[in-house]
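Grab a pencil and work through these exercises with the structure open beside you. Try each task yourself before you read its solution.

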Amino acid sequence: MREALALAHLASSSSGDVPVGAVLIDPEGTVVAVGKNERELSGDPTAHAEVVAIRAAAALNANWHLNDLTLVVTLEPCAMCAGAIQASRIGRVVFGAWDERVGAAGSRYDLLRDARLGSAVEVIAGVLEDECASVLRQFFEERRISGSK
């Protein structure tokens, strides 16, 4: 989660993106791929940290089946990211802060554990929750103060 937090900080400082970071690790704990929010940087509305990391891992492995990997992300995945996680067959998601507005791993929706969409994904929530939430709170407070979009 610490590496995902570092990526989250990089997302906001380098391009003004919402500070979310994601890391995909293999069963031995080795980092396979990373991602950070890049919507502002790329102009791509699908460039959420999770999707960026999933695309990188699939390209690296030349295979979209990522079932032996764990996704570690600083914010609860949204519905789009939950769909990408399901589609790539990731078996476990570990996240930090809850997203009460659009979260899809147990807060607003629970798409990851919905077996009707494929295999249910193991979800571990609240890892370094306060630290992950603090990064997001600070980002949005600064944006409100500066009047940025």
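**Exercise 1.** Decide whether Ser134 counts as buried, partly exposed or exposed.

*Solution.* Keep in mind that you're looking at a predicted model.
- Step 1: find the residue; Ser134 sits in helix H5.
- Step 2: get its relative accessibility, which is 33%.
- Step 3: compare with the cut-offs, where buried means under 20% and exposed means over 50%. Ser134 at 33% is therefore partly exposed.
- Step 4: for a sense of place, take Val23. Ser134 and Val23 are 111 residues apart in sequence, and their C-alpha atoms are 19 Å apart in space.

**Exercise 2.** Now do the same for Thr74: is it buried or exposed?

*Solution.*
- Step 1: Thr74 belongs to strand E3.
- Step 2: its relative accessible area is 1%. Buried means under 20%, so Thr74 is buried.
- Step 3: look at what surrounds it. Not counting neighbours within four places in sequence, the contacts of Thr74 include Met1, Ala4, Leu5 and Ala8. Also among them are Pro19, Val20, Gly21, Gly96, Ala97 and Cys132.
- Step 4: check the rest of the strand. Six of the six residues of E3 are buried, so E3 is mostly covered.

**Exercise 3.** Work out the order of the strands in the sheet, and say which strands stand at the edges.

*Solution.*
- Step 1: write down the order, which is E2-E1-E3-E4-E5. These five strands make an open sheet with mixed pairing.
- Step 2: look at the two ends. Strand E2 (31-36) and strand E5 (122-124) each have a single partner strand, so one side of each has no neighbour in the sheet.
- Step 3: add the twist, which averages 15° from one strand to the next.
- Step 4: see where "mixed" shows up. E1 (residues 21-25) and E3 (residues 70-75) run antiparallel and are joined by four bridges; in this pair, Val23 is opposite Val72. E3 and E4, on the other hand, run parallel, with five bridges between them. Here Thr70 has Arg92 in E4 as its bridge partner.

**Exercise 4.** How do H1 and H5 lie relative to each other: roughly parallel or roughly antiparallel?

*Solution.*
- Step 1: recall that two packed helices are described by the angle between their axes and the distance between the axes.
- Step 2: for helix H1 (residues 2-15) and H5, the angle is about 5° and the axes are 11 Å apart.
- Step 3: angles under 35 degrees count as roughly parallel, so H1 and H5 are roughly parallel.
- Step 4: name the residues that meet. H1 brings Arg2, Leu5, His9 and Ser12, while H5 brings Glu131, Cys132, Val135 and Phe139.
- Step 5: sort them by type, and you get four nonpolar, two polar and two charged.

**Exercise 5.** Describe how H3 and H4 pack.

*Solution.*
- Step 1: helix H3 (residues 49-61) and helix H4 (residues 79-88) make an angle of about 20°, and their axes are 9 Å apart.
- Step 2: that makes H3 roughly parallel to H4.
- Step 3: add the handedness; the crossing of H3 and H4 is left-handed.
- Step 4: list the partners. Glu50, Val51 and Ile54 of H3 meet Met80, Cys81, Ala84, Ile85 and Ser88 of H4.
- Step 5: sort the residues of this contact, which come out as six nonpolar, one polar and one charged.

Conventions:
Residues are numbered from 1 along each chain as its sequence is written. This is a predicted model: local features need pLDDT of at least 70, side-chain atom pairs count only at pLDDT 80 or more; totals for chains, interfaces and linings use all residues. Side-chain values use heavy atoms; hydrogens and water are left out. Two strands pair if DSSP finds at least two bridges between them. Helices (H or I, at least four residues) and strands (E, at least two) are DSSP runs, numbered from the N terminus. Axes are lines fitted to C-alpha atoms, for helices over the stretch in contact, and angles run from 0 to 180 degrees between N-to-C directions. Angles under 35 degrees count as roughly parallel, over 145 as roughly antiparallel, 65 to 115 as roughly perpendicular and the rest as oblique. A crossing is left-handed if the near helix is turned anticlockwise from the far one by less than a right angle, and right-handed if clockwise. Contact means heavy atoms within 4.5 Å. Ala, Val, Leu, Ile, Met, Phe, Trp, Tyr, Cys and Pro count as nonpolar, Asp, Glu, Lys and Arg as charged, and the others, Gly among them, as polar. Buried means under 20% relative accessible area, exposed over 50%, partly exposed in between (1.4 Å probe, protein chains only).
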